[in-house]
Amino acid sequence: NDMHKSQSRVDIATPKRTKDIIGKHGFSFKKSLGQNFLIDMNILSKIVDAADLDETMGALEIGPGIGALTERLAQTAKQVTAVEIDPRLIPILQDVLAPYPNVQVVHGDVLKVDLQEIFKQNFTDVRKVSVVANLPYYVTTPILMKLLEERLPLQNIVVMIQKEVADRMAARPGGKEYGSLSVAVQYYCEPELVCTVTHTVFIPQPNVESAVIKLKVREVPPVKVADEAHFFQVVQASFAQRRKTIANNLKARYFNEGGREALEAVLSEAGIEPSRRGETLSIEEFARLSDVLLAANRT
Ligand code: SAM
């Protein structure tokens, strides 16, 4: 591994090296692809440290850009796979990552590639895999939901995202940030805010606030539900109109006219006051509600 370590002297994530690489290849940033590259070594260290990688672990990176974070991952993990959508970046990545034989660059849209297949092909010799990325903000939620719903053998997901989205993922019941995204993320993971990040660590600078969030992927969900798809549907329905009570949101989705009594019976059996709003329900309460609705044939 000494060969890898000596490479850190030419780290990519400095303003000068980034500008050199971009200039050499005549690269121009595409806003539509969420291209805001990291040019700060400290923040890269924070991201990589939070992932708890070691030489037995794999790392999956989404959107490597010109390879600033990829290089750090290559020095820390056993095998690294980086999926990049922009064809103009592929030759640059092949160039700057040439010293790292443990890195595989995949050209493709992470929302379309077969991740199960990539795991089978590329992570042959690792104990577990963590996802580490400075995500393209326009597709944060679809990317994370794909990673979680596919039930890949993941340990941690450590990602730079919009601060407002990080706050919603980590939100506890009772506040205005708590919603279906909080419940979905917390069903699969334990979220932890690592740090907030200033604009100056990016080139070009994004016009939203950023944060690094760590999602520790759970071995088993914190609640057991009879039907997962139904559970998520009930959560969605409960937040459909945030200003409405849980009773009114459920009525709109599961009980037609005259279903008032049936609705009250369900809520009473689930132990939930009809006047409460969705944003006050814990994940345990949603689980109970989902199972009682299912048993009452409301799907
Ligand atoms: N990792 C680099 C860094 O930190 O400097 C770049 C991060 S930049 C915020 C996001 C990267 O994701 C860009 O390189 C962009 O081209 C890529 N990207 C955007 N949409 C993507 C998608 N659907 N699949 C894979 N990569 C994507």
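Modeller: Before we start, one yardstick: angles under 35 degrees count as roughly parallel, over 145 as roughly antiparallel, 65 to 115 as roughly perpendicular, and the rest as oblique. Please keep in mind that this is a predicted model.

Colleague: Thanks! Why are H12 and H13 called oblique to each other?

Modeller: Helix H12 (residues 260-270) packs on helix H13 (residues 283-295) at an angle of about 135 degrees. That value belongs to none of the three named ranges, so the pair is oblique. Their axes are 9 Å apart, and the crossing is right-handed.

Colleague: Which residues make that contact?

Modeller: H12 brings Val-266, Glu-269 and Ala-270, while H13 brings Arg-288, Leu-289, Val-292 and Leu-293. By class, that gives 5 nonpolar, no polar and 2 charged residues.

Colleague: And what makes H10 and H13 roughly perpendicular?

Modeller: The axes of helix H10 (residues 228-238) and H13 cross at roughly 110 degrees. The perpendicular range is 65 to 115 degrees, so the pair is called roughly perpendicular. These axes come within 9 Å.

Colleague: Which residues of H10 and H13 meet there?

Modeller: From H10 come His-230, Phe-231, Val-234, Val-235 and Ser-238; from H13 come Phe-286, Ala-287, Leu-289, Ser-290, Leu-293 and Leu-294. They divide into 8 nonpolar, 3 polar and no charged.

Colleague: Now the backbone. How do you know whether the bond from Ile-203 to Pro-204 is cis or trans?

Modeller: Look at omega, which is near -15 degrees, and the bond is cis. Most peptide bonds are trans. You will find Pro-204 in the loop between strand S8 (202-203) and strand S9 (210-217).

Colleague: What is the phi of Arg-151?

Modeller: Phi is near 50 degrees there, a positive value in a residue other than glycine. Most residues other than glycine have a negative phi. Arg-151 sits in the loop between helix H7 (140-149) and strand S6 (154-162).

Colleague: Which residues come nearest to the ligand?

Modeller: Phe-37, Gly-63, Gly-65, Asn-134 and Pro-136 do, out of 23 residues around the ligand. The shell divides into 14 nonpolar, 6 polar and 3 charged residues. Strand S1 (37-38), helix H4 (68-76) and strand S3 (79-84) each supply at least two of its residues.

Colleague: What does UniProt place at residues 43-219?

Modeller: Its unreviewed entry gives the feature "domain: Ribosomal RNA adenine methylase transferase N-terminal" for that stretch. In the model, residues 43-219 are 33% helix and 28% strand, and their end C-alpha atoms lie 29 Å apart.

Terms used: Residues are numbered from 1 along each chain as its sequence is written. This is a predicted model: local features need pLDDT of at least 70, side-chain atom pairs count only at pLDDT 80 or more; totals for chains, interfaces and linings use all residues. Axes are lines fitted to C-alpha atoms, for helices over the stretch in contact, and angles run from 0 to 180 degrees between N-to-C directions. Helices (H or I, at least four residues) and strands (E, at least two) are DSSP runs, numbered from the N terminus. A crossing is left-handed if the near helix is turned anticlockwise from the far one by less than a right angle, and right-handed if clockwise. Two residues are in contact if their C-beta atoms, placed from the backbone, lie within 7 Å. Ala, Val, Leu, Ile, Met, Phe, Trp, Tyr, Cys and Pro count as nonpolar, Asp, Glu, Lys and Arg as charged, and the others, Gly among them, as polar. UniProt positions are given in the numbering used here, feature names are shortened, and annotations may be inferred rather than shown by experiment. A residue is near a molecule or strand if its C-beta atom, placed from the backbone, lies within 6 Å of it.
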